[in-house]
Amino acid sequence: MTSRGLFSWTVVVLTCQHKGSVYAFQRELEMRQQGGVFPPEALLLTVPDPQERIGSGGATLNALLVAAEHLSARAGYTVVTADVLDDAHILILHTGRDFPWDGCNRAFCWMPKQATEQCVEGPLCCLDMLLDCLSTKVCVGSPPGVWVCSTDMILSLPTAQEISWEGFSGVRVVSLPGDVSFATKHGVYLTDAAGGVCDIIYRGSEEKILSAALHDGKVPLVSGPVFFSRSVSEKLLQTHVTPPLDGCTYLGMDSGAPPLQISLFLDILLCLCSEPTETEFVNGERPGCSSPLGPQGAAVRSARAVLWRTLKGVSLSLVYIPDGQYDYLTISGKEHVRRLIQTGTEKQTLSHIQNLQCVNEGSRVINSVLEGDVCVAAGAVVQHCYLQGPVQVPSGCLLSGLDLSSSGRVQRMPLTSNIILQGRRVQLGELKLTVFTVFGANDDLEAHSDDAAGSFLSQTWAQFFNRTGIQPEELWGAESGACRCLLDARLFPVFVPKGGPVGLEGVSFLLGSSGSAESWRAAWRLSLREVLCLTDQQEELQWREKLFFSSGQRRAVDTLRGHTDHNLLPFIRAAVLGGQQGELLEALDSVASSSSDDLGVAARSLACIADVLGCLAGEGRGGLRSGPAANPSWSSAFRLLEQGKLADGVKELANQRVHWLNRPDLLVRAARHYEGAGQVLLRKAVMSAHKFVFIGQSEMPPMGEWQEVECPARLDLSGGWSDTPPIAFEHGGVVVNVAVKVDGKRPIGARVRRIPKPHLMLVSTSGPPDCCVTTETVCEVLADLEDYCQPNAPGALLKAVCVCSDVVCVSSPLSLEQQLLQRWGGGLELHSWSLLPHGSGLGTSSILAGAVLAGVYRCSGRSYDTSSLIHAVLYLEQILTTGGGWQDQVGGLVGGVKVARSHAALPLKVEVEQLSLPQDFLSALQERLLLIYTGKTRLARNLLQDVVRNWYSRLPLIVQNAEQLVSNAEDCARACTEGSLPALGACMNRYWQQKKAMAPGCEPAAVRTMMKALQPLTLGQSLAGAGGGGFLFILTQHANQEENVQQVLNNTQGLGDFSVHSVELDMEGITVLQQNAHKMLTN
């Protein structure tokens, strides 16, 4: 379930009738609290009934006492005090009686449905559905008090209910509509015109039930939720010291009080109704309640009299929800199978199915592992099973609780339609056993064997006795008057004294397959009622948990190897909370080390390991996930990955990992290094783009002749982030951008020439002319180039260009001087410049890399095309370890407006289509585009780390946003082709919203203020590039709005140092300046 809209419960109490259930159920509650279902400060209590058959009322009184006792102790009191109820919101949930079709009761019956927006992956049980309904739709806004509800039904409400609680005092019941035919076997409220409850009719005649009908023709069912206000809760609490009602509580039992059965509805609530008189209430016979005339008659009458004196006069009102639905979980097998089939829409829930085509639509597989050909027919359910095919599951069947060792027997079993076959874990004395039971879905468990409705496996009892030779006395004993119903028939072999546990062969005989009556008679046998009493619910839950983690781990492996967009974070969190991180880490190691032919899979696997480590550290503990990843302890593993030794590298990472698991800060640092290792593999995957770099030979220019290149900047109109690896090759990317001059100039350029001296002279200048910074680096030996892959090293970009363009080889045995003289006859002098501020968002570094590469290629007598430059830059940026996508170089190297695409495949290939646009549209576009420098420095690297991490996790929002980025880019290209400025502006606005969704935090407050101020003037606007600062570009509604924009911004407070710049479309892209003469250098 999701933690969205949590109700602030103070205490949640779950009652259970078996003391052996307490530990198992308490753990289930605590796991849900860790997963965000309950508030972290809520007190969770699992409370066993103090005696058998104390009724729902007795269980409520005992649960309230235990809750008040714990709150009193927490508040520092030494006795139970009602003062702790003043601000308490208490929820009491009753698990009720055993459920024949689920060993963990109705509350923990898994449904074939998953909650949306799950933070932690887990089952959706009836309990979870009820909690969600109560916490988000029913109890919202209620004052301090006690809510009581049974878990034996499913409530469905379309919306949150607007219940007025102002000044409320008393008791309120929530009711849902039902048909008269259903209500005759149930209970209904009889109400007056003001909504007060006059009477409760339980299993009444149709005529009596009809008297409760409302204006819609439905009757208000006794549907479960009951609210007791603070004052009434105190009255109920006082009963724990009032005989004989103290016999309902554990304190009364410990004090020697005789046990007493009290009904919540037909005792506690009935005395609040307006119609019954005291005599009718105290002395009345009521179905399902202790008789006032029976052996405990005096105690029953006395208890009712106490309730009357204590509670009479308290108002009881009804809230009727006409559009709600109420589904009571009856003991009908057929109804249970139907409910599972009709709930949800997916045929598999939290399962791993090897051959999905064998599972028909209209079937349900829940928390199971199916290997091989396990064919599940429409209308059949497989739940909590590990099966290996070939197995046929016919329509109407329910298979539950079967493990792998049962598969062989199931394969040979003559299953027909409408059979319920279950493995149940029980404790028989010191023995822990699995008992197998089998029924027909249409069997009536409570019908007497002599009744016409009595059957077993859809056969009459006479037919069954005749077929098997079994005698009735062998099932029910020879005592006269014994209840001879299916529920009490000792049909199921469990243990042979001299042979050990009985497996599925015991029920195979009952189905008419192998086995004999003699073998059946030789075994200890149990009835279903006895099996339910002996069920080891802790073992049942552990089996389900084991299957859940096993299937989840398999699904994670399939997700990675199958390149699917399934979000693995919820399962990773579940595995960590369940202590299963060791097995998950081993599985992820295996996927990573075996994916040398698909480094994208390996990189995502390492990112998932980083997520496991981050979850182990704990939310908000250990520091930020983004950070450095160059600790020497991990260098050996990184070196192996760089060398292409994937399996050895992953193994070394795992060896190092074990030393970083004992503190949150170490876990976070280890996670950073796993992300760093993933980046190594990601870079190697992207380097596959080098396949599309084609460099030819041409005449080498004379020594000293400058080869000068200029490039425009780029504005990304739509689709950015979809070009970023791994999104670009796992999902596919589409970007529309435009090449522009800023203030009439191409702001990016480079020039290169050969020089006689055999060294590399590297000069880079960045920033506007009035505040530019120039860095000069001279490389005399190869060691001077060793930091070419460190982005912050002096001259790193120019060094990387020299390495990637094969000017020099850093691993050559020849010295730098020897290489330069041998290949080029001397050294090279490289100058690069950008007139744009750092972090402009206009694609500077990638475009600059393309410009320098072009200059080097020309200077060294080599030819190229623009496509090769685009892919060469992509390769270079992986060498430089800056990462990033391909759209920047596309925008600056190719002129005009264009759409570029990459497909979801490796090697990564970028295809560019220049859009042929009407001249009047181009003119109008140029007159309306403006740039505003925000004065904020962009921190794109941090944004990039977060986006890549979220993409690897496949957060649903990120996956959806990637799809929308691509579709919006195609819409943007269409808007440009059609010459529609309003449509283009709409695409730009959508694009900005998509950027913010992809990288939250990319919109500084000052930028938000600026964009809001400019909105009346614009058709569209967006921060350039990744956002976070740099340049804002706008498309104005009218032409030539520079002065108006300047005036609006001048009149807006809190913007800081901004500046407005003109934009001119550049239709040429990268441009080589003509050389009229060359200038020789002197030594």
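Me: In this predicted model, is Arg 714 buried or exposed?
Reply: The relative accessible area of Arg 714 in this predicted model is 2%. Since a residue is classed as buried when that value is under 20%, Arg 714 counts as buried.

Me: Which residue does the side chain of Arg 714 meet in a salt bridge?
Reply: The N to O distance in this pair is 3.5 Å, which lies within the 4 Å allowed for a salt bridge. The partner has a relative accessibility of 0% and is therefore buried, and Arg 714 is likewise buried at 2%. The residue that Arg 714 meets in this salt bridge is Asp 716.

Me: How many residues apart are Arg 32 and Glu 28, which form a salt bridge?
Reply: The closest N and O atoms of Arg 32 and Glu 28 are 2.9 Å apart, and both residues belong to helix α1, which covers residues 22-34. Arg 32 is buried at a relative accessible area of 8%, and Glu 28 is buried at 13%. Their spacing along the chain corresponds to about one turn of the helix, that is, 4 residues.

Me: Where in the chain does the salt-bridge partner of Arg 409 lie?
Reply: Arg 409 and Glu 505 pair through their side chains at 3.8 Å, N to O. The pair links distant parts of the chain, 96 residues apart, with Arg 409 in helix α12 (residues 407-411). Both residues count as partly exposed, Arg 409 at 23% relative accessibility and Glu 505 at 33%. The partner, Glu 505, lies in helix α15 (residues 505-510).

Me: Which residues are linked with Asp 611 in a network of salt bridges?
Reply: The structure holds 43 salt bridges, and a network of such bridges includes Asp 611. The residues linked with Asp 611 in that network are Arg 625, Glu 675, Asp 946 and Arg 949.

Me: Are helices α26 and α28 parallel, perpendicular or oblique to each other?
Reply: The axes of α26 (residues 796-804) and α28 (residues 844-859) come within 10 Å and cross at roughly 45 degrees. That angle lies between the limit of 35 degrees for roughly parallel and the 65 degrees at which roughly perpendicular begins, so α26 is placed relative to α28 as oblique.

Me: Which residues of α26 meet α28, where α26 passes α28 in a right-handed crossing?
Reply: The crossing of α26 and α28 is right-handed. On the α28 side, the residues met are Ser 845, Leu 848, Ala 849, Val 852, Leu 853 and Val 856. Those that meet them from α26 are Leu 797, Leu 798 and Val 801.

Me: What distance separates the C-alpha atoms of Val 374 and Gly 1029?
Reply: Val 374 is found in strand β18 (residues 374-376) and, at 1% relative accessibility, counts as buried. Leaving aside residues up to four places away in sequence, Val 374 touches several residues, among them Cys 358, Leu 387 and Val 391. Gly 1029 stands 655 residues away along the chain, and its C-alpha atom is separated from that of Val 374 by 56 Å.

Me: How far apart are the centres of domain 1 and domain 4?
Reply: The domain assignment places domain 1 at residues 11-320 and domain 4 at residues 693-1082. The C-alpha atoms of the protein fill a box of roughly 120 × 70 × 60 Å along the principal axes. Taken over C-alpha atoms, the centres of domain 1 and domain 4 are separated by 66 Å.

Terms used:
Residues are numbered from 1 along each chain as its sequence is written. This is a predicted model: local features need pLDDT of at least 70, side-chain atom pairs count only at pLDDT 80 or more; totals for chains, interfaces and linings use all residues. Side-chain values use heavy atoms; hydrogens and water are left out. Helices (H or I, at least four residues) and strands (E, at least two) are DSSP runs, numbered from the N terminus. Buried means under 20% relative accessible area, exposed over 50%, partly exposed in between (1.4 Å probe, protein chains only). Domain bounds come from an automatic or database domain assignment. Axes are lines fitted to C-alpha atoms, for helices over the stretch in contact, and angles run from 0 to 180 degrees between N-to-C directions. Angles under 35 degrees count as roughly parallel, over 145 as roughly antiparallel, 65 to 115 as roughly perpendicular and the rest as oblique. A crossing is left-handed if the near helix is turned anticlockwise from the far one by less than a right angle, and right-handed if clockwise. Contact means heavy atoms within 4.5 Å.
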